[in-house]
Amino acid sequence: MPVKTTALDADARGEAGDAVGPLVRGVGVLRRLTEAGGTLSPSALERATGLARSTVDRITATLARMDYVRLDGRDIVLAPRVMELGNAYLAALRLPALLGARADALADELDESVSLAVADLDGIRFVHQATRRRAMSVSFRIGDLLPAERTAPGPLFATEWTEPDWDRWRARRAADPTDATFPAVPPRQTPADDSAFAQRVERARRDGWAVDDQLIEPGLVAVSVPVRDPGTGRPACVASVVSHTSRRSATALRTTLLPRLRTAVAAMESDLRTAPPARPGSPPSGLATWTTASKHQLGRDFVESLARGLTVPAAFGEGRAALSLTEVARATGLARATARRALLTYEHLGLVLARPDRTFSLTPRVLDLGYPPLSRTTLPHLAEPHLRALADRLHEPAALAVLTADGTEIQYTAGARTSRVLTVHITVGARLPAAATSLGRVLLADTSSPLPPALAEVRAHGYALVDEELESGLRSIAVPVRDRSGRAVAALNVATHAARRTLDDCVHEVLPALRTTAAHIQTDLHTASRYTPIPPT
């Protein structure tokens with residue numbers, strides 16, 4: 001793995017002859033934002049990338065136009081839509097879709113965190129996480145990259161390394177002895193004995209499993225077993241059970257949990273053998289056709305070559321794991337020459353692999369582009385910028401709420417206030433009777449039938465309007481927020497004083513804006529939750 005640099009322009013000036021400079025720089029900006037946890041100021045991004053401030057401004061304006069970032073005050077923040085890049089890789093990989101339910105079930109059975117990881121050159125990268133929600137829990141995320149020698153999956157993947165792979169690993173270890181290029185792990189405090197890793201690889205080859213006994217940080221332990229590809233016999237991924245020493249020692253993981261992990265892995269391998277071929281469905285088309293209009297509208301602040309290049313990963317997906325140049329050009333609507341330069345740029349950056357049959361495939365490094373920090377988001381966090389925009393547009397407070405487990409109350413999870421003298425002030429975490437609120441009625445209307453007539457009417461209309469029932473003068477209207485399955489997981493409302501808006505105003509002025517905002521939140525939720533659960537609170 002190469003050591004990161006801060007001069008992105010060096011790559012763009014010709015280290016790869018046909019590389020698209022703006023695309024190199026745009027990818028670099030996304031990587032620096034990812035390494036920083038998803039948020040940087042323009043000046044901090046300028047320092048992290050080594051780019052001129054004017055270049056940073058043009059790149060971030062283009063990324064904002066694509067909804068890959070948003071401008072939040074003085075900060076640049078990764079937006080959920082950037083996860084479409086990683087989702088394309090995960091869909092093409094298929095392993096999370098085929099094996100994720102087995103990993104989740106094992107985590108529930110053992111009450112421990114379970115992960116699936118794939119090889120990424122001389123590192124390992126997580127593609128699925130089933131994490132326990134407790135005070136002391138594992139904080140790795142989908143997309144996190146770890147050095148092979150400090151993990152349990154690493155020795156198992158290294159059993160397949162060739163001599164050039166070992167040479168690359170030794171070069172990386174010499175250039176980066178503290179693991180500074182792996183932001184997901186603490187830096188090494190003392191030099192490592194590289195011969196110890198070779199010994200662990202030989203043990204893994206002999207035993208068929210491997211252990212991490214506090215190699216990443218004190219207290220963290222894991223046991224891993226490879227899930228082998230039925231066609232090649234090589235590890236398709238590695239399944240791991242992760243714990244900490246206050247719960248289980250590394251020895252206890254081996255003696256107690258390894259047999260159950262092996263049983264789960266056997267079931268995963270059976271799933272891979274019997275899985276039907278991927279069904280690609282209708283291929284995308286014209287993914288980049290919108291960029292010309294944006295260029296005309298924004299002028300030099302819109303970097304069209306960057307926007308066009310960033311549409312290329314979306315051409316891949318389930319049943320489209322390997323595409324020819326012609327197929328990429330058709331899916332994006334780009335000229336063959338433009339698509340070729342984008343693919344060569346991605347190959348130069350390690351995000352695309354050129355295959356012997358003249359096709360291209362995405363690599364795990366696509367997950368570097370925004371995925372890790374966003375994979376641990378929550379529904380309130382996704383909703384907050386949309387709530388603020390709605391409140392600013394209507395000059396009325398907006399709120400998000402969920403139904404409590406017993407279905408009798410709603411709990412507020414996010415909100416946006418206005419500067420009016422007379423306004424609604426409800427704090428996050430507050431609870432109110434579900435039946436007396438517009439938020440509660442929308443959520444109750446999504447429960448199983450038969451419904452009472454009032455809730456049946458709410459379901460039919462798709463909104464609930466409550467007029468001075470909870471409090472004199474308080475009028476509110478709410479709509480549901482639905483997950484990928486169509487289930488209402490939260491509700492969104494706007495509250496006003498009866499003297500400010502009539503009931504007709506609520507329906508004809510507020511409701512359209514409310515529905516638009518709900519649609520924006522749902523788009524973000526559906527993108528973010530494709531391969532990782534998004535907590536509603």
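# Strands, spaces and buried residues: a chat

Modeller: Before we start, this is a predicted model. Let's begin with strand S10, which is joined to strand S12 (residues 359-362) by 2 bridges, the two running antiparallel.

Colleague: Okay, which residue of S12 is the bridge partner of Leu323?

Modeller: Leu323 falls within S10, since that strand covers 323-324. S10 and S12 run antiparallel. Across in S12, the bridge partner of Leu323 is Phe360.

Colleague: And what is the order of the strands in that open sheet?

Modeller: There are 3 strands in it, with antiparallel pairing. Two of them, S10 and strand S11 (352-354), are edge strands, each pairing on one side only. Reading across the sheet, the order is S10-S12-S11.

Colleague: Let's move on to S5. How many of its residues are buried?

Modeller: Strand S5 takes in residues 123-130 and is mostly covered. Here, buried means under 20% relative accessible area. By that cut-off, the count for S5 is 8 of its 8 residues.

Colleague: Which residue takes a positive phi in the hairpin of S4 and S5?

Modeller: Strand S4 (residues 113-120) runs antiparallel to S5, and 7 bridges join them. One facing pair is Ala119 and Ile124, with Ile124 in S5. The hairpin has 2 residues between the strands, and the one with a positive phi, near 50 degrees, is Leu121.

Colleague: S5 also pairs with S6, so which residue there stands opposite Gly123?

Modeller: Strand S6 covers residues 145-147 and runs antiparallel to S5, with 3 bridges joining the two. Opposite Gly123, in S6, stands Pro147.

Colleague: Now for S7 and S8. What is the bridge partner of Val211?

Modeller: Strand S7 (residues 210-213) pairs with S8 in the antiparallel sense, over 4 bridges. The two form a hairpin with 6 residues between them, and Gln214 in the turn has a positive phi of about 65 degrees. Over in S8, the partner of Val211 is Val223.

Colleague: Let's talk about empty space. How much space lies in the largest cavity?

Modeller: Rolling a probe the size of a water molecule over the atoms shows where empty space is left. In this structure there are 2 cavities of 30 Å³ or more. For the largest, the space comes to about 100 Å³.

Colleague: Which strand gives the largest share of the lining of that cavity?

Modeller: The largest cavity has 14 lining residues, with Phe126, Pro153, Asp212, Ala222 and Val242 nearest its centre. Two elements give two or more residues to the lining, namely strand S8 (220-228) and strand S9 (235-244). By class, the lining holds 9 nonpolar, 4 polar and 1 charged residues. The largest share, 3 residues, comes from S8.

Colleague: What about the second largest pocket: which element gives the most to its lining?

Modeller: That pocket has a volume of about 540 Å³. It is lined by 30 residues, and the closest to its centre are Asp483, Arg487, Val489, Ile534 and Pro536. Helix H6 (95-110), strand S13 (398-403) and strand S18 (488-497) each supply at least two lining residues. With 5 residues, the one that gives the most is H6.

Colleague: And how many of the lining residues of that pocket are charged?

Modeller: Let's go through the classes. The nonpolar residues number 15 and the polar ones 8. The charged ones come to 7.

Colleague: Is Glu269 buried or exposed?

Modeller: Glu269 lies in helix H10 (residues 250-274). Leaving out residues up to four places away in sequence, Glu269 touches Pro226, Val227 and Arg228. Its relative accessible area is 18% and the cut-off is under 20%, so Glu269 counts as buried.

Colleague: How about His386, buried or exposed?

Modeller: His386 is found in helix H16 (residues 379-394). Not counting residues up to four places away in sequence, His386 touches Thr517, His520, Ile521 and Asp524. Its relative accessible area is 19%, and because the cut-off is under 20%, His386 is buried.

Colleague: Last one: within what arc do the buried residues of H3 fall?

Modeller: In helix H3 (residues 42-49), the buried residues are Pro42, Ala44, Leu45 and Thr49. They line one face of the helix, because, seen down the axis of H3, they fall within an arc of 160 degrees.

Definitions and conventions: Residues numbered from 1 in each chain as written. Predicted model: local features only at pLDDT ≥ 70, side-chain atom pairs only at ≥ 80, totals over all residues. Heavy atoms only, no water. Pairing = 2+ DSSP bridges. 1 Å grid on protein atoms, 1.4 Å probe; cavity = no way out; pocket = protein on both sides within 12 Å on 5 of 7 lines; lining within 4 Å. Points joined across faces, edges and corners; volume = space filled by probe spheres on them. Nonpolar A, V, L, I, M, F, W, Y, C, P; charged D, E, K, R; others polar. Buried < 20%, exposed > 50% of the residue type's maximum accessible area, 1.4 Å probe, protein only. Contact = heavy atoms within 4.5 Å. Arc of directions from axis to C-beta.
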